[in-house]
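This report works through the fold of one model, from its sheets to its core and its domains. Please keep the sequence and the coordinates at hand while reading.

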Amino acid sequence: MTAPATAPSERRLLAGYHALGRPAGLRDHRARYGALPSLGPEPGERAGTRLIGLLDEAGLTGRGGGAFPTGRKLRSVAESGRSPVVVVNAAEGEPLSGKDRLLLAVAPHLVLDGAVLAASALRARRIAVCVHSAESAAQVESALAERGPVRSVAVRVVRVPGRYVASEETALVNHLSGREAKPAFTPPRPFERGVGGRPTLVANAETYAHIALIARYGPRWFRACGTPDAPGTALFTVSGAVLRPGVIEAPLGTSVAGLLRMAGGPAEQLQAILTGGYGGAWLPIRRARTPATPAAFAAAGAALGPGIIVALPARVCGVAESARIMRWLADETAGQCGPCTFGLPAIAEDLAALADGRAGETVWRRLHGRLSAVAGRGACRHPDGAVRFATSALRVFGPHLAAHRHPGNCPAAQGPGLLPTRGGR
Amino acid sequence: MTVPWRLRLNPILCTGHALCAELLPEVIVLDEWGYPILSPVPDELLSLARRAVADCPTLALAIEPAP
């Protein structure tokens, strides 16, 4: 695990880690944050009322990539009136993301606090913590052992396959219900019918850690950093050509350039930033002043996703990198929906033809047609993310594509790929 | 004109038999891999749309009021 960069301006989730210099055990955690507050429900009180009120006021949004308002998500689950299942999503399917793994390694009790708070507020009887690696599973298990049994709630740690789409929320629900970890057609969404047919709250591990702090310090404290539309801090996994790659915590609204500085700054001249991961989008380096909020990123053609920032150096060919990543995204299809199963490999093939200098006018036209034909036609958002990624590659590396009109004209394309497509899985 | 009905496709169930596109070419076109792309259903084609739903061999199509 890469150590986080030093001296960011605001730190919350990682404050304990930076102060201690080691992962926080339960004693460290209690010494820093005190006991878990009680947020009901009292007898006769509607499930979730107080916690949902706090989350609405805080303006917390999901940190797994969807940026959906967390209070609203809890309300949907509570409205069913049935005892739900609480799922912590730390499966982190994006190969370039490391924040949830870091969080479970250094501050597992913050995540568990958030899950326990949500479970007791919603009168849930089951919590499932979903992780990918054996290492993360062991860290959660030992944190659970320290805490002892949670009153009237059964907590289990579940390992999820390393496939890209296995961490999608309906895929987790399928996995936890004993089916294959593949996305499902919705509706019904998990909050209506999830694990074992029960209403299910699926939220990202980091989101639960923020819940643990909001419950203690309140919405005003939470809003003291970040922007009015995107309050609070977020974890970012910064990699590529920076001097100190790793996970950093920064207020939402910090510029891309600011995030790079917190990761030690560029290690060499950069040309573009990959935002949001492989299901995200390229941002040209001249737009590095874009603030990291979901809305500002979307307006700039980027994607915040789960806080992935990758610095692409000028010496690397963005077209060749994108073609390679697109191939990987095509291979990661669950193979359930026709437009994704056949469309993504077709798009990958066209991008590869472009990168190799084999693409004529027909391939260009066909590629644009394919990109507009595939988005929005899968059961999950995987094809949408892949199309967004490929479309952003054409936009951002458009000027450089001229060098790819003939085979061999871009020497940089011949080099080994920079961005990992296996993520050590 | 408001279109009160729309078709909904479960893309996991759909295997591209393409019967729907034959019954309802005004509303359903096929992509290059043979999978349907849906448009809103005009009133006058409603009964054909219902037939397309009923005839789908994998029960992948549904018809529902447009939101």
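In what order do the five strands of the open sheet with mixed pairing in chain A lie? The order is β6-β5-β9-β7-β8 in chain A, where strands (E, at least two residues) and helices (H or I, at least four) are DSSP runs numbered from the N terminus, and where two strands pair if DSSP finds at least two bridges between them. The edge strands of this sheet are β6 (246-251) and β8 (281-284) of chain A, each of which pairs on one side only.

This is a predicted model, in which local features need pLDDT of at least 70 and side-chain atom pairs count only at pLDDT 80 or more, while totals for chains, interfaces and linings use all residues. Residues are numbered from 1 along each chain as its sequence is written, and chains are lettered from A and ligands numbered from 1 in the order in which they are written.

**Sheets**

Chain A also holds an open sheet of four strands, ordered β3-β2-β1-β4, whose pairing is parallel. Because β3 (154-159) and β4 (200-204) of chain A stand at the edges with a single partner strand each, one side of each is left without a neighbour in the sheet. The table sets the two sheets side by side; the angles lie between axes fitted as lines to C-alpha atoms.

| Strand order (chain A) | Pairing | Average turn between neighbouring strands, direction ignored |
|---|---|---|
| β3-β2-β1-β4 | parallel | 20° |
| β6-β5-β9-β7-β8 | mixed | 30° |

Within the parallel sheet, β1 (residues 85-90) of chain A is joined to β4(A) by five bridges, and A:Val87 has A:Val202 in β4(A) as its bridge partner. Helix α9 (residues 205-223) of chain A lies across β1 and β4 of chain A and runs at about 95° to β4(A), on a scale from 0 to 180 degrees between N-to-C directions. In the mixed sheet, four bridges join β5 (residues 233-240) of chain A to β9 (residues 308-313) of chain A, and these two strands run parallel; the partner of A:Ser239 in β9(A) is A:Val310.

**Core and burial**

Of the 425 residues in chain A, 55% are buried, that is, with 20 or more other C-beta atoms, placed from the backbone, within 10 Å of their own. A nonpolar core is a set of buried Ala, Val, Leu, Ile, Met, Phe, Trp, Tyr and Cys residues joined through C-beta atoms within 7 Å. The largest such core has 137 residues, and A:Val87 and A:Leu122 are among those with the most contacts inside it. Helix α6 (residues 108-122) of chain A gives the most to this core, with ten residues. Leaving aside residues up to four places away in sequence, A:Leu122 touches residues including A:Ala47, A:Leu74, A:Val86 and A:Leu201, a contact being a pair of C-beta atoms within 7 Å. Helix α5 (residues 99-106) of chain A has seven of its eight residues buried, so it is largely enclosed by the rest of the structure; A:Lys99, A:Asp100 and A:Arg101 are among the buried ones.

**Domains and overall form**

Chain A is assigned domain 1 (15-223) and domain 2 (318-414), with bounds from an automatic or database domain assignment. Their centres, taken over C-alpha atoms, are 35 Å apart, and nine residues of domain 1 of chain A are in contact with six residues of domain 2 of chain A. Along its principal axes the C-alpha trace of chain A spans about 70 × 45 × 35 Å.

Key. Buried ≥ 20, exposed ≤ 12 C-beta atoms within 10 Å, placed from the backbone. Contact = placed C-beta atoms within 7 Å.
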